[in-house]
Amino acid sequence: MHHHKVLPKRIILVRHGESQGNLDTAAYTTTPDHKIDLTATGVAQAQNAGACIRHAIASDASSPNWRLYFYVSPYARARSTLRELGRSFSKTRVLGVREECRIREQDFGNFQERERMDTIMETRLRYGRFYYRFPEGESAADVFDRVSSFLESLWRDIDMNRLNHDPSHDLNLIIVTHGLASRVFLMRWFKWTVEQFELLNNPENCEFRIMQLGSGGDYSLAIHHTEEELLRWGLSPEMIADQKWRAHANKGSWNDQVPLCLNAFFDNLADSDDDNVGLNE
């Protein structure tokens, strides 16, 4: 791992602040989703989140020379959240910002009629949140595909140092996005199953989740966040154990958890080939 140092120290997912649509779903019937902006509360939440994120990064005494790079959804509420978050940081700290269309909100169809949306939300729960596709819109599975494509680009940006990051500075990537896109991002990153995704709760407005680089080169949510927080987000005990393992594990080393995942897919695999002697003779 010659460029181990160049890996971002943290990847921070932030959901946008309270929007007009969060306050009153009637907003969706008259305003295109991407134009719905923050409420006054949302603005305050974003400023507060900026201060909290700054504290989380700056309180790490081992790295006074930290830098930030932002990715932001093109939706008005995400861009406004970024603008308010940014008030906590000086120009010298920010390497750059990129608008990233692939981390936009799940498309619920165009102008949404209120009564119809209630019915649709009910159907969605019955059908399953991951696979249900909104009429004229997207399913979470569709969002998963574009977030996966964004993740590949993110790795290339890091690999080829397109972020113009000085390796002696700790790099923090901040992704200002939406509730579903951030859950799908974590699912894709940590290879969670659809079943595990269905357990997750949507983050609150301006709640942020910090994936931090562990001593062995793997990222984990369990470095910055407590077990109580992870439980509140809907992670199962197995998922939490995996996060704790990742905090110290050597990247590429075999995870003891693997037999657990195998058992989720197979009923009864024999422990070794010898058990099958005689079957194929």
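These legends accompany four close-up views of a predicted model.

**View 1. The largest nonpolar core brings together 39 residues.** Look for Tyr-71, Leu-173, Phe-185, Trp-192 and Met-211, the residues with the most contacts inside this core. At least two core residues come from each of these elements: strands E1 (10-15), E2, E4 and E5 (208-213), and helices H6 (140-159), H7 (179-190) and H10 (237-248). A second core lies apart from this one and has 20 residues, including Trp-66, Ala-78, Leu-85 and Phe-208. As a general background, nonpolar side chains tend to be buried together in soluble globular proteins.

**View 2. Here we zoom in on Phe-185 and its contacts.** Leaving aside residues up to four places away in sequence, Phe-185 touches Ile-11, Leu-13, Ile-175 and Met-211. Its contacts also include Val-147, Phe-150, Leu-151 and Leu-154.

**View 3. Helix H4, residues 76-85, is mostly covered.** Of its 10 residues, seven are buried: Arg-77, Ala-78, Ser-80, Thr-81, Leu-82, Glu-84 and Leu-85. The cover over these buried residues includes helix H3 (40-58) as well as strands E2 (67-72), E3 (94-99) and E4 (171-177). Two of the buried residues of H4, Ala-78 and Leu-85, are also among the members of the 20-residue core.

**View 4. A nonpolar patch sits on the surface.** Leu-262, Phe-265, Phe-266 and Leu-269 make this patch, which covers about 420 Å². You will find Phe-266 in the segment after helix H11 (258-265). Phe-266 counts as partly exposed because its relative accessibility is 41%, between the limits of 20% for buried and 50% for exposed.

Conventions
Residues are numbered from 1 along each chain as its sequence is written. This is a predicted model: local features need pLDDT of at least 70, side-chain atom pairs count only at pLDDT 80 or more; totals for chains, interfaces and linings use all residues. Side-chain values use heavy atoms; hydrogens and water are left out. Buried means under 20% relative accessible area, exposed over 50%, partly exposed in between (1.4 Å probe, protein chains only). Helices (H or I, at least four residues) and strands (E, at least two) are DSSP runs, numbered from the N terminus. Contact means heavy atoms within 4.5 Å. Patches are made of residues with over 30% relative accessible area and no salt bridge: like charges are joined within 9 Å, nonpolar side chains (Val, Leu, Ile, Met, Phe, Trp, Tyr) within 5 Å. Accessible areas come from the Shrake-Rupley method with a 1.4 Å probe; for residues, only the protein chains shown count as cover. A salt bridge is a side-chain nitrogen of Lys or Arg within 4 Å of a carboxyl oxygen of Asp or Glu. A nonpolar core is a set of buried Ala, Val, Leu, Ile, Met, Phe, Trp, Tyr and Cys residues joined through side-chain atoms within 4.5 Å.
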